[in-house]
Each structure stands twice: as structure tokens, then as C-alpha cells.
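Thanks for coming. I will go through a few salt bridges and then some backbone features, and I will keep it plain.

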Amino acid sequence: MSTNKESNESHRLAASDDLEVSAYLEIAKEKSGQSPVPYPPSRLERESVIVIDFGSQYSRLIARRVRESKVYCEILPHDSTWDSVKDLNPKGIILSGGPASVYDDDAPMAPSWVYESGLPVLGICYGMQVLVHQLGGKVAPSAHREYGHASLAQSGPGEPLFEGLPSSMPVWMSHGDRIVEQPPGFTALAHTENSPIAATGNGKGMLGIQFHPEVAHTPDGKALLDNFVHEICGCGSLWTPANFVVESIEKIKKQVGDGKVICALSGGVDSAVAATLVHRAVGDQLTCIFVDNGLMRREEPERILETFRTYLKAKLVFTQSSEQFLRGLKGVTDPEEKRRVIGETFIKVFDEHAKSAGHVDFLTQGTLYPDVIESKTADSGVSAKIKTHHNVGGLPKDMTLTLVEPLRYLFKDEVREVGLQLGLPEAMVYRQPFPGPGLAIRIMGEVTVERLETLRSADWIVMDEIKGNDLYREMWQSFAVLTDVHTVGVSGDYRTYGNVVAIRAVTSDEAMTADWARLPYQVLARISSRIVNEVPDINRVVYDITSKPPGTIEWE
Ligand code: XMP
């Protein structure tokens, strides 16, 4: 494992499983000396609700909840201009929570257009304090920091935000400051034991709530957000996979015209869905390339190929390049060096085979919305946690390509729904993310054919048991890691000295954070006894009980 956390982090991917492809693009961009022209957004421009981000770890959850209400929602930095927003045709604005206090010197505020637009505004937690502060009310530090569960009581009936909700309901609080004086024209709509003004409104669509409706600890929060977007903002239910597919195909057609597109398929759901959309839009103008790098799980390249041939029907170039990758990895033990070698080799192979498509104008990749949010909020300086995903490899020769990124505004769950809508099989749509460098970063030390085989056998058993016990879809990822640790064991009457395999199974929200899965003991027991019995050279199995942070999902 790398001891250099920074450099280790900088090569990791948060949301999309297509790292090599993005690496390729980063380089293509550098080569052309200009930013790739972004794909005309796959937004439903008919209407949206905007989240103004003040750096809350929950902003993304707000957007997801709104989208679950079938309303398109985008997260924008707090310093966005109206010009950058108006094309989204916003019908309402949500001010997110955040770590600041409105009286901090550099406390982020909402831009004035938020209040001048005449659109309904819902401030959540810090967002409520911002709204109150900017509209002439008063916020002050609370004697009691309120963190955790609280009981919210409505002040009276008739508030559309609480329509259909119980008059008293559990909510999740997380704040230090509180409202002590409401802005002119505002009245308290609800209170908790510690917050006499836990919700406020002016009867004209300006609303603030001190609690977090987006988290699971506020069970009625989803219904409340539903009220905001449908009853108060008047949005319809347009954000559906079917609508997305139709509009996305239209936009790809417009962008690509009669140009030629190339796409690297990784076997993951993101590139598969992106390629399928592009294929529906421009048919044979698309060529897909699938590189077998020899670092995949057992039987995986065959299965992936079969699925592509059956479902994708696009022109497909397949290359079996295991030897080339393994040659490059000979003697390499450092994780970042492994990534570099794999990245470079990938680009070489990809470049070579891309030529078979002739002249190419566009490159499709499965960038997802969490990656986009990260770079946007990074620019606005309010987000504490930023990752970059550049996997620096070698330079392709003369390629300058424009990006086609049809999934740029989707969360992973939405990509899966779109995949199903497009008729892709469940096995592909619900495939767990798999890193581009594959098993190479799950083998501590040198990657050899023999060690790959050992890991594949152990990994196969993990998968078999996870799937056999119906746990696959509950896990974000579940896999085996081959360590370079040897321990003493006993087998029959003999002393053994074999390798340790670690099992990693995590639940996660888009890989930014993860928790180790509480796998049932009997499943762990079967995995362990099968591995030590069926896989030569392994005499010990351990279970990784580290969450992320401080751990990462992969061991390298
Ligand atoms: P970590 O280990 O950073 O992983 O918690 C987060 C997610 O990213 C995947 N991952 C990678 N994917 N190339 C990839 O394409 C990489 O080098 C890489 N490293 C980590 C990991 O499997 C998890 O889903």
C-alpha cells in the first residue's frame, strides 16, 4: 500500500468506473491545448430546481431526493450568476446547509438574483440562516448545539410545505446557530424543543427549515421536498429515464452530426450506457473498443464481450492485450507505478486500435455527475473534500477529440435506470464498480500470472457466496485482496506457510464514503473455509473492517 496518501488519492475515481478513458481524455485535452467542448448538457431544460451549494456534505443528497421526485435538479456553486443558471429554467431554489456561520468574515451568501428572481426559495439549515440574515432577520449562536434527532411540531395547519405530513414528526438537526428574529413578513411555521423557530416562511414562497429533510433520519423529509417542488414550485414530473433517453439521443445527434465517435468500453455500466445512447443516436458512426488487459476477474472479458455483442450491436473492436500489460508490470510493486504502467499501456493499445476506425472526431466517456460537482464546488472553494482523477499516462500521438458525455448530469443510480430503460441486462446494469487497473491494485506486490490466478480463484468464491446469498446488490463492492503477507498454518498433519487473503465488502454512497458491510457470520465462514480449502497457497482469510475514511475501498 502506498504511504503517500495524497498521491494515492489523486489517482482514484469517485463515481465513474472508466478511469482509463478519462485519463485518455485528459491527455487528449492537453494535446489539443484547449478544454474539450462539453457535451450539450443532458439536462431537461424544460424545468429544474437548483441547489445553491454552501458546502454541506448533504447537498448531493438534496439533489438526489429532488430527482427522485422526478424533477431535474442541479447543484451550483453559491457564486453562480443568473446568466449561468437561467438556461436551466429554474422553478425553485434550495439553499443548502454548510459548515459556516453567517457571521463568519468570509461566510458564503446567496447571490442577489436568488431573491430578485421571484422564485420560491427553501433554505435548509445554514441555507435558512442565510435567507433569514439576508432578508433582515437575526441569527445568533445557540446555547445548545442541536445535533441529532428532534421532534418537530407544526405551529398550525395550512402550510403547503407540510401538506399531508403529521403535525409532529421526527427530524434530523445539525446546527449551532439559530434564528432569534425573523425577517419582516415571516412567521414561525414549526418548532422543536431547542429551536423555537425551526421553520419559517412569508407565505409567498420564501421558506426556511432548520432541519435536514434530505437524510433518512427525517422519514417525512422526502414528502416535504416533494411538496416544495410540486406544490410550491409547481414542477411537473418530467425527470424520468424515458424522457432522458429521448432527449439525450436528440442531443447526441445534434452534437455529433455526421462525425465519427470512438468509445472505450470498460465492462462497467457507465461506458456501456454511454455507448448505447450514442449508438442509438448515430449508429455505425460509433466504434467501440474493448481492451482485455489480463487484469479482470475470472471469465469476465468473455462475459462482457458476449453481453456487448448481444445487446449493444455497435461496431466493436476487441483486443486481447494481457501479455503487453503483464510485461509492463513485471517487477512493479508500487501502486502508483502500477497505475502509471497500466494507464500508459492502455493508451498505447487504445491508440493503435482506434486507427481501425479511421478518422475520429469525438470520444464518448461515462463521466458522471458526482465528478462534475466535485470540480465545480472545488472551484467555488466551499467544499472540504476534493479529488482529482487524472491518471497520468503516456501521450497518444495526434489525437484531438471532442467529448461526448451523455451521463455528465446523472448519478450512478440514474445511470442504472437509464441502462434498464435502454434494455441492457440487469447483470450489466447492476454490476459492481470495478477499477480500471483491475486486479493489479488488489495484489500487494508484484503482479504475476500465478498470483493473478490465485486472486481470481479467491475472488470467484467471494462473488459466488455473495451472489448465492443474495447480497450482491446490497454491496457497493465486494472482493478479495491478495496480500504479500505469509503466515503459518496447519493442514492435516502438516505445517503450512501460505498467503493471507483479505475480504473487502463495503456499502457506499457513490464511493466518496464507505462502510464495511456487516456480512452475516455464516457467509464469512463459508467464504473463509472455501478459500483455504479450494485455493492453493492460501492458508488464512481476514475480513477488512475499515470504513472510508480513514481507509479507502481499494487496498492500493
Ligand atoms: P477508493 O479505493 O479510492 O476507491 O476508495 C473509490 C472507487 O474508485 C475505484 N478505484 C479506481 N477506479 N482506477 C479506477 O478506474 C483506479 O485507479 C481506481 N482506484 C480506485 C474503486 O474501486 C472504488 O469504486
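Is Arg456 buried or exposed? With a relative accessible area of 14%, Arg456 is buried. One caution before going on: this is a predicted model, so please take every value here as computed from it.

Let me stay with that arginine. Arg456 forms a salt bridge with Glu453, and the closest N and O atoms are 3.2 Å apart. Both residues sit in helix α16, which spans residues 449–468. They are 3 residues apart there, so about one helical turn separates them. The glutamate end has another setting: Glu453 has 37% relative accessibility and therefore counts as partly exposed. So this pair joins a partly exposed glutamate to a buried arginine. Elsewhere, salt bridges that share partners form one network. Its members are Asp464, Glu465, Arg526, Arg530 and Glu534.

How many salt bridges does the structure hold? The count is 25. I will show two more of them.

The next one is in helix α3, residues 59–68. Here Glu68 pairs with Arg65 in a salt bridge, with 2.9 Å between the closest N and O atoms. The two residues are 3 apart in the helix, about one turn. What is the relative accessibility of each partner? For Glu68 the value is 41%, which makes this glutamate partly exposed. For Arg65 the value is 17%, and because the cut-off for buried is under 20%, Arg65 counts as buried.

The last pair uses a lysine and an aspartate. Lys222 and Asp226 meet through their side chains in a salt bridge, at 3.5 Å from N to O. Why are they separated by about one helical turn? They are 4 residues apart in helix α7, which covers residues 221–232. On accessibility, Lys222 comes out at 28% and is partly exposed. Asp226 comes out at 26%, and this aspartate also counts as partly exposed.

Now to the backbone. As background, most residues other than glycine have a negative phi, and most peptide bonds are trans. I have exceptions of both kinds to show.

Phi angles come up now. Which residue has a positive phi near 55° without being a glycine? That is Cys125. Cys125 lies in the loop between β4, residues 121–124, and α6, residues 126–134. Its relative accessibility is 5%, so Cys125 counts as buried.

Glu299 is another case: its phi is positive, about 60°, although the residue is not a glycine. Where is Glu299? It lies in the loop between β11, residues 286–292, and α10, residues 300–312. Its relative accessible area is 41%, which makes Glu299 partly exposed.

That leaves the cis peptide bonds. One joins Lys548 and Pro549, with omega at about -15°. Another runs from Pro549 to Pro550, with omega near 10°. In which segment are these prolines? Pro549 is in the segment after β18, the strand at 538–543, and Pro550 is likewise found in the segment after β18.

To recap the backbone part: Cys125 and Glu299 carry a positive phi, while the bonds from Lys548 to Pro549 and from Pro549 to Pro550 are cis. That is what I have; questions are welcome.

Note on methods. Residues are numbered from 1 along each chain as its sequence is written. This is a predicted model: local features need pLDDT of at least 70, side-chain atom pairs count only at pLDDT 80 or more; totals for chains, interfaces and linings use all residues. Side-chain values use heavy atoms; hydrogens and water are left out. A salt bridge is a side-chain nitrogen of Lys or Arg within 4 Å of a carboxyl oxygen of Asp or Glu. Buried means under 20% relative accessible area, exposed over 50%, partly exposed in between (1.4 Å probe, protein chains only).
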